[in-house]
Amino acid sequence: MADIDERALDDVVTFTSDLIRIDTTNRGGGDCQERPAAEYAAGQLAGAGLEPILLERSKGRTNVVARIEGTDPSADALLVHGHLDVVPAQADEWSVHPFSGEIRDGVVWGRGAVDMKNMDAMILAVVRAWARLGVRPRRDLVIAFTADEEASAEDGSGFLADQHAGLFEGCTEGISESGAFTFHDGGGREIYPIAAGERGTGWLKLTARGRAGHGSKVNHENAVTRLAAAITRIGEHEWPLRLTPTVRASLTELAALYGIDADLDDVDGLLTKLGPAGKLVEPTVRNSANPTMLDAGYKVNVIPGEAVAYVDGRYLPGGEDEFRITLDRLTGPDVDWEFHHREVALQAPVDSLTYAQMRSAVEEFAPEGHVVPYCMSGGTDAKQFSRLGITGYGFAPLKLPEGFDYQALFHGVDERVPVEALHFGVHVLDRFLRNA
Ligand SMILES: [Zn+2]
């Protein structure tokens, strides 16, 4: 079949730049308008002969879904999704305007350049190329561009999964952001981590109750003291090591890459020996809970009857029960806790055919690279789509030169992506998607 053409390589740059220029800042609380970006994406899909559907739960919070029919009707469908919203950017901190989409010295600048208008553009460029070249993938592909990923997903993937499950019929697996980018280890090795799992989110609200009263009196039921004690226990807690299948594979493969003994009985030691590459794994070998907000009292000589704190908790796939039990113990009898916001953890197999195909697509275009699986410390829209039985992988291929720290550019100042990185992404995505 015809290879991807030059036009697709030009398109991906244009589409990335165009999408960046459409300001889809998501400030949370419903303050975002994805509609113009959704219309842009739908226009490109229609230009490829597809029939995109625009879907909104709230006005202007637009999602786009289209299906490409595969050549093998017996094959399971594959979901390919990208979000259209971006996090805010403070223009005066940037070297170029964050919504200029400027292309300077072979680099596309702007908010969303890596998270994730680049991937949205890659998907569109591949689909347009296929229409020109007469390529049809083996599996049905469901293409989804979502709203609201950077906040609650209630207007985006959550809404699609709850209200429009029929559009995703037959989908068993999905790919989206945060995987297959170049991780430079500082010693000349290039690692391409493919995400096969996500930690779950447990944002907690803690409420301590006590006896209100005068600040000068004896009070052994002080809500502030109780809250502070609980918060200290949580913040200082050493969560035990727990290796999920993905993290185990990650450590084993990295150890092999560096010629180190994969001693899983001393994971902390192993992480140290792995050096910078250990950072890919470090946040996902245990649950975590970080106190982040405190709220109590209204006058210095009044003991309040209640004190409140918030904690950013994250748990591993399979780690939620332990997380809950540990929080019960750490908060103690005088402090209640509840989930302020909760999202599931995900685990995807690394011995699947799909994983092998993603891996070989990267290896074909980056033969010097080393593909390893990893678990994301945070979360994506894949959490919502998992409710439809869809196994999610992080696969948004980008070949980045040294000095481009992908993780730092994510939500960072001067977010940008080299044109070459986008070209690599189109090649790899095309190769993977047409054969998957
Ligand atoms: Zn993202």
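**Group meeting: salt bridges, domains and a few local features**

A search of the whole structure finds 35 salt bridges. Please keep in mind that this is a predicted model. I will take one of those salt bridges to begin with, then go through the strands, two backbone points and the domains.

The pair I picked is arginine 57 with glutamate 154, where the closest N and O atoms are 3.9 Å apart. The cut-off for a salt bridge is 4 Å, and this pair is counted as one. Arginine 57 sits in the loop between S1 and S2, while glutamate 154 sits in the loop between strand S6, residues 141–146, and helix H4, residues 157–163, so the salt bridge ties together parts that are 97 residues apart in sequence. As general background, side chains of opposite charge can pair when their charged atoms come close.

Now the hairpin that carries arginine 57. Strand S1 covers residues 53–56 and strand S2 covers residues 62–68; the two run antiparallel and are joined by four bridges. If you want one position to look at, leucine 54 has valine 64 in S2 as its bridge partner. Five residues lie between the strands of this hairpin, and glycine 60 takes a positive phi near 85°.

Back to the other loop, the one between S6 and H4. Aspartate 148 is found there too. Aspartate 148 has a positive phi of about 65°, although it is not a glycine.

Next, a sheet. Three strands form an open sheet, in the order S4-S5-S19, with antiparallel pairing. Which strands stand at the edges? They are S4, residues 103–104, and S19, residues 416–418; each has a single partner strand, so one side of each is left without a neighbour in the sheet. S4 is joined by two bridges to S5, residues 107–109. Within that pairing, isoleucine 103 stands opposite valine 108 of S5.

After S5 there is a backbone point to note. The peptide bond from aspartate 115 to methionine 116 is cis, with omega near -15°. Methionine 116 belongs to the loop between S5 and helix H3, residues 117–133.

Last, the domains. The domain assignment gives domain 1 as 6–178 + 380–435, and domain 2 as 200–231 + 287–344. Their C-alpha centres lie 38 Å apart. How many residues are in contact between the two? Four residues of domain 1 are in contact with four residues of domain 2.

The area buried between domain 1 and domain 2 is about 300 Å², and carbon and sulfur atoms give 45% of that. On the side of domain 1, Ser152, Lys383 and Gln384 lose the most area to domain 2, together 90% of what that side buries. The residues of domain 1 that touch domain 2 divide into no nonpolar, three polar and one charged.

As for specific pairs across this interface, two residue pairs are in polar contact, both at pLDDT 80 or more. The count of salt bridges between domain 1 and domain 2 is zero. That is what I have; questions are welcome.

Methods:
Residues are numbered from 1 along each chain as its sequence is written. This is a predicted model: local features need pLDDT of at least 70, side-chain atom pairs count only at pLDDT 80 or more; totals for chains, interfaces and linings use all residues. Side-chain values use heavy atoms; hydrogens and water are left out. Domain bounds come from an automatic or database domain assignment. Contact means heavy atoms within 4.5 Å. Buried area is the accessible area (1.4 Å probe) that two parts lose on being put together, summed over both. A salt bridge is a side-chain nitrogen of Lys or Arg within 4 Å of a carboxyl oxygen of Asp or Glu. A polar contact is a pair of N or O atoms within 3.5 Å; within protein, one must be able to donate a hydrogen and the other to accept it, and residues adjacent in sequence count only if both atoms are side-chain atoms. Ala, Val, Leu, Ile, Met, Phe, Trp, Tyr, Cys and Pro count as nonpolar, Asp, Glu, Lys and Arg as charged, and the others, Gly among them, as polar. Two strands pair if DSSP finds at least two bridges between them.
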